[in-house]
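Work through the following exercises with the sequence and the coordinates open beside you, and try each task before reading its solution.

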Amino acid sequence: MFRSAARACRPRITPLRTAPRAVPAPRRSFFWSSSSSSAAASATDLAANHVPSVAPDLLPLLFGVLLAHAAIDESDDEKTLHCPPWKVESFGDKGFGAVAARDIKRGERLISERPLCCWPNNISAEEAKRLFEAMSEQEQAAFMALARTDGSGGVTNLDEIRARRATNGFSIPLPAADGSMMGKSVAMVFPRIARINHSCAPNAAQAMNFITFRMEVYAITDIPAGTEITIEYVPSLITASALERRQKLRTSFGFDRCLCPVCAASPAEVELSDSRRREIKAISGSFRAGGGNREANWAKMTRIQQLLDEEGYRGLPDFGDPSFNHAFAVFRTMLSPAQGSTPLSASS
Ligand SMILES: C[S@@+](CC[C@H](N)C(=O)[O-])C[C@H]1O[C@@H](n2cnc3c(N)ncnc32)[C@H](O)[C@@H]1O
């Protein structure tokens, strides 16, 4: 199952789309006693982005209503909703994969897709069967058409339903009402996105949009027509050696041998890649110890970026440390200033 959710499926939390109705200024009436001004003020506060108290047995119904009415992002067009710019082709040992059907520009959204199912991460065979049987025939057919891994990792010896869920599911942390992550993750399967294979130097990235309840995939490089579109399944691979990545992919997905260009390169190139990733790990880890002046830190970040470039890694890396991830994202923003301006220097 995709474990990349914590970073790559990072939900984009934005305020509720439906603007709350303006609450009139409290007026004295027989509803409010003269001593109720504080109650009136807190009611005004509540109206802005309030999550109502809901009786538990109404939750499934309300969730269904919210899903049915969740607005489509205005920038979603028919293509990203229904017809992604890729063809599904066979890639031999990797099974099927997604190939760009036309030239794709960096930053393009390739798809915006609702999950086929949204299930607990760990379920028994009986529970999986029950949930599967509750799906429509069309949903069941789409689900069963997906790949199932028979590899040697964590997804062996599973029944047909759970094996498909494990091979194709994203484990997605749910956001809390205040925008923080609740820590509880659920498994979601997106039938078109599920055809995208993994790469340790991907050209696309995925993110869950909880407003539309759709997974979105973006190109992070230009992707020429005929090129395979890939995403990263597991977080923090940028600091892992080929062997460590193999172990992580085996445990999470049951595929033993990553056939991406980084892992399938010659032994000498793999060794070079390992040494770059070791250095990235060492430098990013050195920030945890704290200290260092701005110039030294800038130099370290610059070195990491150089190593990433040599590695052909175009995504925003997950170093396994949220605060360093954030610092590096800020560094990247400073590296690519608006056109026409001068990059900020270490001393500025
Ligand atoms: C979500 S599916 C991807 C689509 C799948 N190839 C298909 O035929 O539908 C994940 C499975 O694809 C295969 N796969 C994906 N990326 C791979 C890679 N880099 N190397 C080898 N196999 C890969 C593995 O069997 C993995 O369990």
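The exercises below concern a predicted model, and they go from the domains to a sheet and then to the ligand shell.

**Exercise 1.** Determine which domains the chain is assigned, and how many residues of each are in contact with the other.

*Solution.* Begin with the assignment, which gives domain 1 as 5-14 + 59-233 and domain 2 as 237-348. Next, taking two residues to be in contact if their C-beta atoms, placed from the backbone, lie within 7 Å, one finds 23 residues of domain 1 against 22 residues of domain 2. Finally, sort the domain 1 side of this contact by class, which yields seven nonpolar, 12 polar and four charged residues.

**Exercise 2.** Establish the order of the strands in the open three-stranded sheet, and state which of them lie at its edges.

*Solution.* The order is 3-9-8, with antiparallel pairing. Strand 3 (109-113) and strand 8 (204-209) each pair on one side only, and are therefore the edge strands by the reasoning that an edge strand has a single paired side. Between strand 8 and strand 9 (residues 214-219) there are six bridges, and M208 stands opposite M215 of strand 9. As a last step, compare the directions of neighbouring strands: ignoring direction, they are turned by 15 degrees against each other on average.

**Exercise 3.** Describe the shell around the ligand by its nearest residues, its elements, its residue classes and its domains.

*Solution.* The shell holds 18 residues, of which G95, F96, A147, N197 and H198 come nearest to the ligand. Two or more residues are given by each of strand 2 (96-100), helix 7 (160-168) and strand 7 (197-198). By class, the shell has eight nonpolar, eight polar and two charged residues. Both domain 1 and domain 2 contribute, with at least three residues from each.

Terms used: Residues are numbered from 1 along each chain as its sequence is written. This is a predicted model: local features need pLDDT of at least 70, side-chain atom pairs count only at pLDDT 80 or more; totals for chains, interfaces and linings use all residues. Domain bounds come from an automatic or database domain assignment. Ala, Val, Leu, Ile, Met, Phe, Trp, Tyr, Cys and Pro count as nonpolar, Asp, Glu, Lys and Arg as charged, and the others, Gly among them, as polar. Two strands pair if DSSP finds at least two bridges between them. Helices (H or I, at least four residues) and strands (E, at least two) are DSSP runs, numbered from the N terminus. Axes are lines fitted to C-alpha atoms, for helices over the stretch in contact, and angles run from 0 to 180 degrees between N-to-C directions. A residue is near a molecule or strand if its C-beta atom, placed from the backbone, lies within 6 Å of it.
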